[in-house]
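The following questions ask on what grounds certain terms are applied. Each answer sets a value against a definition.

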Amino acid sequence: MKKNYFYALFASLMLFMAMPVSAQSFTIDQLFGKWQFTADVEFTDAATQAHKETLSGDCEAVISADENYIAKIVGFAGSTVQQNINAIGAKEGQDMVKINNLNTPQLWNNLYLANENGENPYGYWEAGTEVVKTYGPVYYNVDAVNGLITIPNFTVVTLASFGDREGTVIAKYTNVKMTLKEAETVEVSDISGDYNFKAGSGTYDTMAGSVIPTEFAVNFAKTSDDNKSYNATISVEGYQAVTLPAAFNGVSVVLSYNDTYLDEANGIRFAPLYGTTKEGKIEFKTTEQEGAFTLYGGFAFAKEVMGKAKDEVTDSLYMEYHQYYTAGTLKLPAEAPEFSWVGVYNVKVANASDVIIANTNVDASAWPAEFQMEIKEVQSINGPVLVVSSFMGSDVYTLNQGGFTVTPAADGMSATVALNEYYGMAMLQSYGGGMYLVLTNSSGAAKTLTLTLNQDGTVSIEPMFIQMLDFSTNVYTPVVCYMNMTATKVVEEEAPAFEWTGEYVLTATVDNSDYPTTFALNVVYDDSYPGYEYYYISDFMGYDVYHINNGGIALNIAEDGQSAEIDMNYTYLYSLGVGVYLKLRDKDGGNVPVALALNADGTLSADDFTVVNSSTNDIVATYSNVVLTKKDATGIENVTVENNVVEGIFDMQGRKIDAITAPGLYIVNGAKVLVK
């Protein structure tokens with residue numbers, strides 16, 4: 001029975017989303033803002049201190065737009081789990097919002113909403129002789145003018161398991177209401193322009209076999225200066241264009257129809273997905289992408305027919321559908337993004353509660369709200385193919401003798417994943433004895449799973465089941481349902497390109513005050529000789545090291561461009577006399593290369609290095625905490641370089657002396673001086 005129950009649960013969601021919304025005297029944007037949630041709370045004997053500290057009858061709640069619903073409430077009774085506002089309208093003469101708790105009956109991990117009698121859920125749905133539970137809908141009465149929302153009495157219960165209908169009452173909420181504290185101002189922009197509507201590609205998104213196209217053009221022409229009123233002209237190929245009045249509130253755009261025909265000769269008109277009313281609306285919600293909307297609620301092209309519908313024994317009026325749209329997008333034209341399906345994806349559900357556990361014997365914590373999927377290109381007998389190679393931590397490539405084949409659509413905007421290949425199923429794990437954990441789509445029967453490329457580069461994955469299959473009996477038992485999934489490709493950031501040539505300022509700590517702590521150096525690139533190119537340091541510490549070393553001090557750049565090494569062979573800085581030099585050396589006075597590393601801020605860090613007297617091999621100065629800053633990369637233009645040369649008097653052995661007391665050749669402040 002669990003199989004029937006879970007499929008019926010998903011079907012009921014699709015039916016609810018298709019229900020029409022009555023007229024109302026307010027728009028959803030009027031409810032956006034901060035509200036004060038208040039209620040009288042009575043805790044029962046079953047409540048613990050932890051429950052009393054968690055539940056709240058006086059807290060702030062926020063109503064705002066949502067990606068999947070027309071709005072959401074966060075902070076209800078202190079909960080961080082959102083409540084979904086699915087529709088606004090009128091019921092029994094009162095303005096209301098409709099809350100569908102199918103996906104979010106939970107307030108917290110083990111606390112659930114129930115009606116005032118402690119029954120979880122609020123209502124029941126019958127499938128044959130079996131009574132199946134469903135969550136909602138619930139109606140909150142709205143007084144938008146006075147900023148007041150009144151909410152039916154409810155209870156908070158704990159459940160032994162997800163499948164239970166009634167639980168233990170922890171708290172009773174009465175006199176529940178929300179009072180507006182601070183309204184949010186919604187910007188209303190001009191949406192005039194030529195749009196393209198494209199229906200979704202899911203199993204139930206459109207009517208199979210219909211001759212009415214699943215794509216058509218929509219033009220919005222503004223009729224008011226406040227950007228709120230438009231004429232929407234719908235042009236479906238093969239039919240006369242139809243113009244409908246449209247209203248935009250900054251959050252959703254609503255097209256209204258009233259006995260409006262697409263094909264009047266054949267009686268085919270705009271119609272709701274449920275019922276036989278001639279008056280209704282088509283609603284699109286804004287998305288994060290500018291110039292893009294998503295269909296909310298759905299609509300149809302149908303005509304009224306007298307006859308026997310379904311199991312009826314007498315003639316009655318019912319709708320004969322010629323096409324319906326339960327999902328789709330409305331977008332301004334844009335160039336198709338260059339997209340490769342190959343890659344690793346992070347897959348997330350919109351809310352943690354979109355992971356619905358169907359088998360009460362399964363550990364819910366084992367089913368993450370975020371996991372990875374990898375698509376890669378492999379070689380087959382027929383050439384290269386794309387496959388899902390790993391999914392939810394499982395190596396499905398090995399397990400299924402080649403993974404799940406991915407077939408991109410001709411336009412590159414969607415792809416199908418085969419779920420019935422090598423073994424006739426998509427295995428995620430084998431438990432032995434003919435028992436397998438398998439992946440199926442939402443119907444449990446279709447052989448593919450649809451991936452849809454979004455304009456922002458993310459990928460939407462159609463709802464899916466993970467089921468336990470007994471291969472010997474071919475019986476599937478649902479384990480978990482995943483809904484509202486978005487996959488984001490993991491993009492490895494390329495290391496920033498760095499141009500090593502240029503002028504630098506070196507700063508460091510020096511243990512000899514006769515040597516500069518700050519000086520300039522230049523890095524040069526030379527490719528003047530065919531087939532030979534190299535980087536070198538041409539100036540260092542004020543010395544022309546290019547000429548003294550017959551080509552500078554070699555700088556070897558790593559392949560990734562993120563580091564380099566100064567070659568310590570032939571690193572003369574200055575001649576102190578015949579055969580005597582100041583030399584650049586590693587920290588120990590040897591010729592180990594000195595490493596340079598590129599930092600995130602664009603500076604370079606260098607290993608410690610020394611200055612050595614080649615005659616005695618004595619270390620005359622040690623440089624530590626070395627940082628090189630590139631002038632043109634940091635905006636440094638005018639730099640005062642202190643002690644650009646080694647000041648003082650030195651003899652030809654490199655020894656510093658206080659004064660010249662005898663004739664000879666000396667180095668005075670970096671210049672040779674002959675004293676007679």
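Q: Why is K198 called partly exposed?
A: K198 has a relative accessible area of 28%. Buried means under 20%, exposed means over 50%, and partly exposed lies in between (1.4 Å probe, protein chains only). K198 is therefore partly exposed. This is a predicted model, in which local features need pLDDT of at least 70 and side-chain atom pairs count only at pLDDT 80 or more, while totals for chains, interfaces and linings use all residues. Residues are numbered from 1 along each chain as its sequence is written, and side-chain values use heavy atoms, with hydrogens and water left out.

Q: What makes the contact of D411 and K198 a salt bridge?
A: A salt bridge requires a side-chain nitrogen of Lys or Arg within 4 Å of a carboxyl oxygen of Asp or Glu. The side chains of D411 and K198 meet at 3.0 Å, N to O, so the pair qualifies under this definition. The pair links distant parts of the chain, 213 residues apart: D411 is in the loop between β30 (404–408) and β31 (414–418), and K198 is in strand β14. Helices (H or I, at least four residues) and strands (E, at least two) are DSSP runs, numbered from the N terminus. D411 counts as partly exposed because its relative accessibility is 43%.

Q: How many salt bridges does the structure hold?
A: The structure holds 6 salt bridges.

Q: How do you know that K181 and E60 form a salt bridge?
A: The closest N and O atoms of K181 and E60 are 3.0 Å apart, so the distance criterion is met. K181 lies in strand β13 (residues 168–183) and E60 in strand β2 (residues 58–64), 121 residues apart. K181, at 48% relative accessibility, counts as partly exposed, and E60 counts as partly exposed at 36%.

Q: Why is it said that K222 and D190 tie together parts of the chain?
A: K222 lies in strand β15 (residues 215–222) and D190 in the loop between β13 and β14 (193–199), so their pairing joins parts that are 32 residues apart in sequence. The two side chains meet in a salt bridge with an N to O distance of 3.5 Å. K222 has 35% relative accessibility and therefore counts as partly exposed; D190, at 40%, is also partly exposed.

Q: What makes β26 and β28 a pair of strands?
A: Two strands pair if DSSP finds at least two bridges between them. Strand β26 (residues 343–349) and strand β28 (residues 370–380) run antiparallel and are joined by 6 bridges, so the two strands pair. Y345 stands opposite M373 in β28.

Q: Which strands close into a barrel, and in what order?
A: The barrel has 8 strands in the order β26-β28-β29-β30-β31-β34-β35-β38, with antiparallel pairing. The twist averages 30° from one strand to the next, where axes are lines fitted to C-alpha atoms, for helices over the stretch in contact, and angles run from 0 to 180 degrees between N-to-C directions.

Q: Which element has the lowest mean pLDDT?
A: Helix α1 (residues 2–17) has the lowest mean pLDDT, 35, whereas strand β16 (residues 229–235) has the highest, 96. pLDDT is the predictor's confidence in each residue, from 0 to 100. The mean for the protein chain is 81.
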